[in-house]
Amino acid sequence: MNLRVWLLLLGAVAIMSFAAMVLVVVPAALLTEVKPSPGLEPYTASEASGRGVYIREGCMYCHSQQVRDTTITTDEARGWGRPSVPGDYVYDAPHQLGTMRTGPDLMNVGARLPDRRWQLLHLYQPRAVVPWSIMPSFPYLFEVKAQAGPDDEVVTVPPAWAPESGVVVAGPEAVALVDYLLSLDHTQPLAPTEATPRAR
Amino acid sequence: MPAEPPNPPVPPESGAPEPGEAVGVEVEALHRAIAREPPEPIEGREPAPWWLWAAAATALFWGGWYLGRHGGTFGVESHLGYAPDEEAAAPGAPPTGAGPTAAAPLSGADIYTQRCASCHQAGGEGLPGVFPPLVGSEWVAGDPAILVRIVLDGLGGPITVGGQPYDGVMPPWRDQLDDAAIAAVLTHERTHAGVDAPPVDPALVTELRAAGARATPWTAAELEALP
Amino acid sequence: MTPPESPPAGTAERSALDFAGREPALLCFVTAVFWLLVGSIFGDLASLKFQFPDWLADSGALTFGRLRTAHLNAMIYGWSSLAMLGVSCWLIPRLVRQPLAWPRLAVGGAMIWNIGLLSGVPGLLAGATDGLEWLELDWRFSDPWLVLGGAMVGGALLRTVLGSKVEHLYVSVWYTAAAFVWFPILFVIGNLRVYTGVESAAVNWFYGHNALGFWLTAINLGAIYYLLPKVLGRPIHSYQLSLVGFWAFAFFYSLNGMHHLVGGPIPTWMITTSIVASGMMVIPVGAVAVNHHMTMVGRFGALRYSPTLRFVVLGAISYTAVSLQGIFTAFVEVNRVTHFTQWTIAHSHVGVYAFVTLTLFGSIYYILPRLVEREWPSASLIRWHFWLSLGGIAAYVLALIVGGVLQGMALLDPARPFEESVTVTLPWLAVRTVAGLVLTAGHLVFAWHIALMLSRHLRRERRLPPWHEAQPRLYEESG
């Protein structure tokens, strides 16, 4: 056995353990004390399954879910809400903070665009409501039926984008996804004790 | 370290020679392939340049300062430590809301593009059967007090605009737009694309805002029942 | 700090060392190239979606979010990781002068790794994702295979290293051997399903950043440290710089991850720690850059004669470039503009393509002839591959850097509607699509060339010496 090899490998493990201690273990211990932000509720069954659709379709790769620090960005001035804090995410696993804003931030999309029919139509064909959008359309989350059933959520599609015949009806996954999107509302102000101290 | 080599010969640039050309030298060729490799690499003994050590020392010094200046507290609070110096010097200063790069107030048209156009569309024409139009709407050209209430607290449920029924939800803008912005965007809607109604006075917004936030959006029926 | 020297390996010994790792290395290279082609197709389709968002929209499997994920995972865990396993199976035995231990285990491990990908990548298209960037492969039917396969190949390689007969460990050993203890630790930490809320985000980027650093970067730096002096036939410049470069890299890089969340909702001290550690990266990056540059100095002419050297030198330069860009991006003053924009995509491609992939191309050009004892059939195919790769990646990166900055400036100005941040990027995204297609063309040339070479190998055609390699007569003439 070669002593140098052992020194190398043990040194490598020691450094990685130190980093994991600093950035994984200690934060995990600290973050156990985080309480949900005011007004934040656990997801309902439908919202949770909609969140699954959000994850499955990879919405995260174009949409962030975090309003950044007001002192270095203009997220808040853009109307995306107050800066996000750890308490906003206590029910999220896995997180969907995102790293891209090819599309707008969705942290508060439920407050910003609360109309179900906007959300459904926008998922069916984004360009029907936002002409310059480059978001994918998700027609496979919808059904085209000759006639809507009694419990069906019908999507009113402008003629330019409508199928030649029949009506567009939201599928169960589209309904769940919209439930989830509408639940994204972290606009309640933080209580003073929980609010971010501006400086120390 | 091997001696400095002479200029290497230019190797052939095309593919393999014709088959048969080198018959009989296969074994030799094979061994030459390996033999021609330079020896296994070793490490020289040059010291690191002095300026690299100087740069490293500077970087470490900077790192310590930066950690102290921007490190925040050792807890779970986020968004500490990056406030500008004057704000740090006055703890408890209220958030500006617009950040360090707060721009000049936006025009009514700008606010419309950013906040309203996703539903009511770029030209205010709405989307038939889904989102009511603003251009040509009797509500937009009508009582400014009702318009201001809609923008402040939102609108939900059935409503008839231009003879067409609609049934959607409009969000409240009370916390997102100030009085001047609401007056500006409404004035814009009332004075463009052929609509010709009097401008909206920010004082009216101030007055109606003072009535306090509603728990639910307005309905058309409630608004029509107002005195 | 002078390295003790071991007597150089003789040619017969070297050929025996190459031979023992031949089967796992070949298997890894061939399957890696398969995943390179698969990943290229996914990447091109995903990029085209920016120009044609309604194209192929009727199928969930071909929606952007799934194609992009399949592209990333095919490229990282398929192409890069497998090619790196192949390089390691060839390089480590040479470095420690021990034939690869348990070669059958390594072959089995490479097969099992591929099984994990063959179930995981189509699974991503079918919608089975763990929902964390860089960790998407399914934890039920993909991750366990990767862990098992990786452990088998890694076990064989670590066993080889532990049996080292050399007194002095050359710098490449540090990087490659350490990578095989770092990556398993990281992969397991990252894939544990116990994190919620912002802790999930922190662990996600602890893993994501370190997978780049302690897996992709480590192995490829090891390869560069070997191939540069090897092809040039001169020692690496400075042992001292190698030492500083390695340990400072390990210490500071491992603390970098949270700079992916600058301004975000995680405790400030974590973000600041990572920003500081990112700044400290100037120390190892400077040391490695000086070391590589001083090794090259005066020998740039050799680039004309060795395709390996061309690719590897570009890879080494890109390592410095991507590191400096990363340091720069970590500072809040830059990050507030570039975060969430196409700049990030440009950055990741400087890292994973211009550094990692070009280095792997160079390595394969060097290694494969020695494994199959047969020369590359065509010099012009190598030239085509080189120029397509170089042109493609240069256009790709420049387009997205410009597009990203324009996008970031638009996003940062609340007076400009969001629409502008989309429309300003569109021409640059179109350039990116073209660049991506150029890269794919290069990959097809590369794959075709390998197929040509292996088919001749299998048909036992006449063998030729590797005259594409640098300064072919160098060793003979200098004694």
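**Figure 1. C:F34, a partly exposed phenylalanine on a helix of chain C.** In this predicted model, C:F34 counts as partly exposed because its relative accessible area is 44%, which falls between the 20% and 50% cut-offs. The residue sits in helix α2 of chain C, which covers residues 22-51. Look across from C:F34 and you'll find C:A447, 413 residues away along the chain. Even so, the C-alpha atoms of the two are separated by 8.0 Å.

**Figure 2. C:W134, a buried tryptophan with a positive phi.** Here's a loop residue worth zooming in on: C:W134 lies between α4 and α5 (143-162) of chain C. Its phi is near 75 degrees, so to speak on the positive side, and the residue is not a glycine. Most residues other than glycine have a negative phi. Is C:W134 buried or exposed? At 10% relative accessibility it counts as buried, since the cut-off for that label is under 20%. C:W134 is also among the residues with the most contacts inside the largest nonpolar core.

**Figure 3. C:R97, another non-glycine residue with a positive phi.** The arginine has a phi of about 55 degrees. You'll find C:R97 in the loop that links α3 (64-96) to α4 (103-126) of chain C.

**Figure 4. The cis peptide bond leading into A:P94.** Moving over to chain A, the bond from A:A93 to A:P94 is cis, with omega near -5 degrees. Most peptide bonds are trans. Which loop holds A:P94? The proline lies between α2 (45-56) and α3 (109-112) of chain A.

**Figure 5. Helix α6 of chain C, with its bend at C:A179.** This helix runs over residues 171-191, which makes 21 residues. At 1.5 Å a residue it should span 30 Å, and its end C-alpha atoms are indeed 30 Å apart, so the expected and modelled spans agree. The helix isn't straight, though: α6(C) bends by about 30 degrees at C:A179. It's mostly covered too, with 18 of its 21 residues buried.

**Figure 6. The surroundings of C:W182.** What touches C:W182, once its neighbours within four places in sequence are set aside? From chain A come A:A12, A:V13 and A:M16. From chain C itself come C:F214, C:A218, C:F246, C:F249 and C:A250.

**Figure 7. The largest nonpolar core, and a second one apart from it.** The largest core has 201 residues. Those with the most contacts inside it are C:Y77, C:W79, C:W134, C:W182 and C:F206. Helix α7 of chain C (residues 197-232) gives the most to this core, with 23 residues. The core also reaches into chain A, drawing at least three residues from each of domain 1 (1-33) and domain 2 (45-183). A second, separate core has 32 residues, including A:C59, A:L177, A:Y180 and B:L127.

**Figure 8. Chain A, spread over two assigned domains.** Its six helices and three strands run α-α-α-α-α-β-β-β-α from the N terminus. The radius of gyration is 22 Å, well over the 16 Å that the globule rule gives for 200 residues, so chain A is more spread out than a compact globule. Along its principal axes the C-alpha trace spans about 75 × 50 × 35 Å. The domain assignment gives domain 1 (1-33) and domain 2 (45-183), and their C-alpha centres lie 40 Å apart. Of the 200 residues, 60% count as buried. Among contacts with a separation of 6 or more, 69% come from residues 24 or more positions apart.

**Figure 9. Chain B, with eight helices and three strands**. Reading from the N terminus, the elements go α-α-α-α-α-β-β-α-α-β-α. Of the 227 residues in chain B, 39% count as buried. For contacts between residues at least 6 apart in sequence, 53% join residues at least 24 apart.

**Figure 10. Chain C, built with 17 helices and zero strands**. How does its radius of gyration sit against a compact globule of 479 residues? Such a globule would come out near 23 Å, and chain C has 22 Å, which agrees. The C-alpha trace spans about 70 × 50 × 45 Å along its principal axes. Buried residues make up 72% of the chain. Residues 24 or more positions apart supply 83% of the contacts with a separation of 6 or more.

Key
Residues are numbered from 1 along each chain as its sequence is written. Chains are lettered from A and ligands numbered from 1 in the order in which they are written. This is a predicted model: local features need pLDDT of at least 70, side-chain atom pairs count only at pLDDT 80 or more; totals for chains, interfaces and linings use all residues. Side-chain values use heavy atoms; hydrogens and water are left out. Helices (H or I, at least four residues) and strands (E, at least two) are DSSP runs, numbered from the N terminus. The expected span of a helix is 1.5 Å times one less than its number of residues. The bend at a residue is the angle between axes fitted to the seven residues ending there and the seven starting there. Buried means under 20% relative accessible area, exposed over 50%, partly exposed in between (1.4 Å probe, protein chains only). A nonpolar core is a set of buried Ala, Val, Leu, Ile, Met, Phe, Trp, Tyr and Cys residues joined through side-chain atoms within 4.5 Å. Domain bounds come from an automatic or database domain assignment. Contact means heavy atoms within 4.5 Å. The radius of gyration is taken over C-alpha atoms; the globule rule is 2.2 Å times the number of residues to the power 0.38.
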